[in-house]
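Thanks for coming. I will take a few minutes to walk through one fold, strand by strand. Please look at the screen.

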Amino acid sequence: MKNKKITRKITQGIYALTTKNGGCIVDAVSQISAGENPLISVAVMKNNYTNLLLKENKTFALSVLGMNVNSEIIKIFGMNSMRDINKFEYIETMNVEEIPIIKDSLGYMILEKVDSMENETHTLFIGKLIEADVFSEEEAMSYGYYQKHKDELIKVKTEQGKTAWVCTICGYVYYGETLPDGFTCPKCGVDKSLFEKR
Ligand SMILES: Cc1cc2nc3c(=O)[nH]c(=O)nc-3n(C[C@H](O)[C@H](O)[C@H](O)COP(=O)(O)O)c2cc1C
């Protein structure tokens, strides 16, 4: 493959996917049908704790993050696992249909899981929209904007004097001059082409 980074040009937003007892940041969201209750899909990595939660729960939510969102939300929900910390202790949420949604968001969608499909790395969950609201007409943050500005948004602490390789998907940091052959991110599973040197 000559340059896989072209896939980053697929226009996507930044969302907090939540369900009872957990959630994570996602960009892999698509609307796949129209009408009163459109179908919306979200691809969740199998390594993520959220994947287990979505298999157990029937309902989940997507909170749409805006351009001026507090970047702590992206750090806490997108670079930590509910296996290690209780994300809801750090970020303010409110319950809608018993699902915690992010207060500092442009609005939310509540989805009822209707189908799912597995591939090697992800599960594609398909949900039917059952409730939604808009809090703000501010511009939504795009994945492209996040990629361009993530250094300011997410300050990764690197140990002085050491070369760090940062996973551009989940923020995992590997220390070493070079990434070993065949290296994949131990946190989110992507291959080494998605790491950036710092
Ligand atoms: C900007 C950004 C986009 C992300 N997009 C996705 C995504 O589309 N699907 C996914 O499964 N994980 C995505 N992640 C990674 C998860 O949010 C991350 O691995 C999280 O720590 C998982 O937490 P959990 O183990 O509590 O589920 C993204 C992270 C960031 C920072």
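Let me begin with a single pair of residues: L17 stands opposite C24 in β2. The model, I should say, is a predicted one. L17 and C24 face each other where β1, residues 15-19, is joined to β2 by five bridges, the two strands running antiparallel.

Now the helices. α1, residues 49-56, packs on the sheet. The strands touched by α1 are β1, β2, β4 (39-45), β5 (59-64), β8 (107-118) and β9 (122-134). Its direction makes about 120° with that of β2. The other helix to mention is α2, residues 71-78, which lies across β1 and β2. Relative to β2, α2 runs at about 115°.

What is the order of the strands in the sheet? Reading across, we get β2-β1-β5-β8-β9-β4-β3, seven strands in an open sheet with antiparallel pairing. At the edges sit β2 (22-26) and β3 (29-31), each of which pairs on one side only. On average, neighbouring strands of this sheet are turned by 30° against each other, direction ignored.

Next, two of the pairings inside that order. β5 and β8 pair in the antiparallel sense, over six bridges. Within this pairing, A61 has I110 of β8 as its bridge partner. Then β8 pairs with β9, again antiparallel, and here there are 11 bridges. One of the bridged pairs is G107 with V134, the latter in β9. How many residues lie between β8 and β9 in their hairpin? Three.

That is the tour.

Key:
Residues are numbered from 1 along each chain as its sequence is written. This is a predicted model: local features need pLDDT of at least 70, side-chain atom pairs count only at pLDDT 80 or more; totals for chains, interfaces and linings use all residues. Two strands pair if DSSP finds at least two bridges between them. Helices (H or I, at least four residues) and strands (E, at least two) are DSSP runs, numbered from the N terminus. Axes are lines fitted to C-alpha atoms, for helices over the stretch in contact, and angles run from 0 to 180 degrees between N-to-C directions. Two residues are in contact if their C-beta atoms, placed from the backbone, lie within 7 Å.
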